[in-house]
Amino acid sequence: MEQMTFRELTDKMVLFYTEGKFADALQLVEQHAARFPEQSARTTFWKMCLLSLCNRPDDVLSVFRQGLDSGLWWAADQFLDTDLGAVRDLPEFKRLMEASQKKYEEARGQIKRDHAILLPEPPASGKYPLLIALHGRNGNKEADLDYWEIARQRGWLVLLPQSTQPLFPDSYCWDDPAQGLADLLFYYEQVSQKYQIDPQRVVIAGFSQGSGMAIYAALKGNLPVRGFIAIATWWADASELACERNVRGYFVVGEKDHTLERAREIQDTLRRNNVQFGEEVHADLRHAFPADFEPSFDKAIDFIFMEQE
């Protein structure tokens, strides 16, 4: 029997969670977490949340201490998670939060820009079309790399930037859009210096908060993008995306996605500002990429460049 991948573990845990089966989710994570030491900050936080939901505050504190002792840390806003309601007001939990924040501040000062590249075969024209693909909140440069492989196969050079805004070890966010724009411009300039990029074929894309950042960058940034691809879209303030610009977008949405309402708010904002976009809706999709993302990518590229060639 093949062992469960971390993505499969995540999907199964989230399914238990959304069904309110917190004890089952906790048991699943406890059984498999040790196989993924590189994900220890994430799985430790999952345990803390699930233990809290199971009304086991003493165990939450124990797991928190063990995590800190092993060198882990989390940004303060992580502890705003409502799942931690059973412990948030406990003095010992507050003390541990302060210890975590101190570690976070130390780590934040050492964060450096980083990115990954998926390089296709050299194009006949000599110039690569460029896809800039952004990870979601709590992600990193490799989080969605497998899904964007289809773009490389289609001849696109794929730039996967990593945000410089940490949440916990090897996990980043786009909470500060100004910092995000500065990072993206830096990455774009770096890849443009190394490869010949076709400025008429630059697209930005993202998952979850990364798709919100992609839309923000397409509308308000200095990147020469022709359009955006938004998967499971989320952005904290839809009004920040109120800007007219001649770009086209494509949304991939799931009817079971808990962020669907926010995606609709974002789409309403874009309509009011005359930003053209298409979408495809998946009836059974939650907050995730479609299992078969290939046709979605092809439709998105066709829509973005429709009547623009």
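Here a colleague and a modeller talk through a predicted model.

Modeller: Residues are numbered from 1 along the chain as its sequence is written. In this predicted model, local features need pLDDT of at least 70 and side-chain atom pairs pLDDT 80 or more, while totals for chains use all residues, and side-chain values use heavy atoms, without hydrogens and water.

Colleague: Happy to start! How many helices and strands does the chain have?

Modeller: The chain has 10 helices and 9 strands; helices are DSSP runs of H or I with at least four residues, strands runs of E with at least two, numbered from the N terminus.

Colleague: Why does the radius of gyration agree with a compact globule?

Modeller: The rule, for C-alpha atoms, is 2.2 Å times the number of residues to the power 0.38. For 309 residues that gives a value near 19 Å, and the chain has 20 Å, so the two agree. The C-alpha trace spans about 60 × 45 × 40 Å along its principal axes.

Colleague: What makes a residue count as buried, and what share of the chain does?

Modeller: Buried means under 20% relative accessible area with a 1.4 Å probe, protein chains only. By that cut-off, 50% of the 309 residues are buried.

Colleague: What makes S4 and S5 a pair?

Modeller: Two strands pair if DSSP finds at least two bridges between them. S4 (residues 165-168) and S5 (residues 171-173) have 3 bridges and run antiparallel, so they qualify. Pro 166 stands opposite Tyr 172 in S5.

Colleague: Which residue in their hairpin takes a positive phi?

Modeller: That is Asp 170, with phi near 65°, in a hairpin with 2 residues between the strands.
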